[in-house]
Each structure stands twice: as structure tokens, then as C-alpha cells.
Amino acid sequence: MKKKLLLLTLILAFVIEVALTVLCFFKPAAAIELFGMQYNDQTAFLGYIIAWFCLLVSVLIVYAIILLKNNDAAYKSIIYILGFWWIGLGIGVYITFKKPDNLLLDSLKGLILITLNYLQTKEKDAL
């Protein structure tokens, strides 16, 4: 059951990241405005960088899903990295820019992944 919840959470995170990736690559103005900034020559580069970061995270999620489905123990490390990445991102954006929606979305997503990953690992160790 915990493995299915972990997979479901990873798939949901993947959908969100891919949506952001596509938005940043193909509609950078909309992506920049989504983050509360005005799109201009100076922020256009930022949209491109965000797109590549989102693509990297999407690839890591796919890798974690493959490892988890194949019961390869390496999935634990990847999921912990993703979880702490999102917690740090959410807290950092909240502290720096006072955006509680990122705190809720990113940090909660990271906390759920870390908790489910820990419970899944604990369950496997008990067997």
C-alpha cells in the first residue's frame, strides 16, 4: 500500500513538473507571470533556466519511478533528494518572497515523499 502511495505521489509530482517544464519552454512569458514577475528581456533568461531545472527534476522523478517499480534500493536516495529539494525550495521561496502557495505545494510534496519513502523503507527492512 505504501509503495502504491509513493508511486502515486511521484506520478502526481511528475505531472506538475512536466506541466511547468512545457509552460516554461513554450510559453515563457506565461510562466514568468505565473511566478509573479513581469516578462521582459531581463527575465526571459530566467524562464529558460527554470525550464531546464524543471526538466531535470522531471527526469529524476522518472528515474525514481523506474527504480521503485524494479525494487532497486537506489530509489530511496533519489526520493530523499527530491523531497529535501522541494522542502528547501518551498521554505526558501516563502522566506524570500512571502509566497505561501509554494510553501504549501512544494514543501508539502517533499514532506509527503520523504515520509512515504521512510515508511516504505522501514516496511521493507522489517521483511
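This report covers the fold, one helix, the largest pocket, the cysteines and the aromatic pairs of a predicted model.

## Overall fold

The protein has 127 residues, arranged with five helices and zero strands. Read from the N terminus, the order of elements is α-α-α-α-α. Along the principal axes, the C-alpha atoms fill a box of roughly 55 × 25 × 20 Å. Buried residues account for 34% of the chain.

Helix α1 contains Lys4. The C-alpha atom of Lys4 lies 9.8 Å from that of Gln120, although 116 residues separate the two along the chain. Lys4 has a relative accessible area of 64% and is therefore classed as exposed.

## Helix α4

Helix α4 covers residues 75-97, a run of 23 residues. From first C-alpha to last, α4 reaches 32 Å, close to the 33 Å expected at 1.5 Å a residue.

The buried residues of α4 include the aromatic residues Tyr75 and Trp86, together with Ile78, Ile79, Leu82, Ile87 and Val93. Gly83 and Gly90 are also among the buried residues of this helix. Just after α4 comes Lys98, which takes a positive phi of about 55°.

## The largest pocket

The largest pocket has a volume of about 690 Å³. Its lining is made up of 22 residues, of which Phe35, Ile50, Leu89, Val93 and Asn102 are the closest to the centre. Val93 also appears among the buried residues of α4.

Four elements give two or more residues each to the lining of the largest pocket: α1 (2-26), α3 (41-69), α4 and α5 (100-126). The most comes from α3, which gives six residues. By class, the lining has 17 nonpolar residues, four charged residues and one polar residue.

## Cysteines

How many disulfides does the model have? The count is zero. The cysteine sulfur closest to that of Cys24 belongs to Cys54, and at 5.1 Å the separation is too far for a bond. The cut-off for a disulfide is a sulfur pair within 2.5 Å. Seen from the other side, Cys54 is in no disulfide, and its nearest cysteine sulfur is that of Cys24.

Are the two cysteines buried or exposed? Cys24 has 2% relative accessibility, so Cys24 counts as buried. Cys54 has 8% relative accessibility and likewise counts as buried. The cut-off for burial is under 20% relative accessible area.

## Aromatic pairs

The structure holds four aromatic pairs. One of them joins Phe25 and Tyr48, with the ring centres 6.3 Å apart and 80° between the planes. This geometry is classed as edge-to-face, because planes over 60 degrees apart fall in that class. The pair links distant parts of the chain: Phe25 sits in helix α1 and Tyr48 in helix α3, 23 residues apart.

Both rings belong to residues in the intermediate accessibility class. Phe25 counts as partly exposed because its relative accessibility is 28%, and Tyr48 is partly exposed with a relative accessible area of 44%. Which residues do ring pairs link into a cluster? Phe25, Tyr48 and Trp52 are linked in this way.

Terms used:
Residues numbered from 1 in each chain as written. Predicted model: local features only at pLDDT ≥ 70, side-chain atom pairs only at ≥ 80, totals over all residues. Heavy atoms only, no water. Expected span 1.5 Å × (residues − 1). Buried < 20%, exposed > 50% of the residue type's maximum accessible area, 1.4 Å probe, protein only. 1 Å grid on protein atoms, 1.4 Å probe; cavity = no way out; pocket = protein on both sides within 12 Å on 5 of 7 lines; lining within 4 Å. Points joined across faces, edges and corners; volume = space filled by probe spheres on them. Nonpolar A, V, L, I, M, F, W, Y, C, P; charged D, E, K, R; others polar. Phe/Tyr/Trp six-rings, centres within 6.5 Å; stacked < 30°, edge-to-face > 60°.
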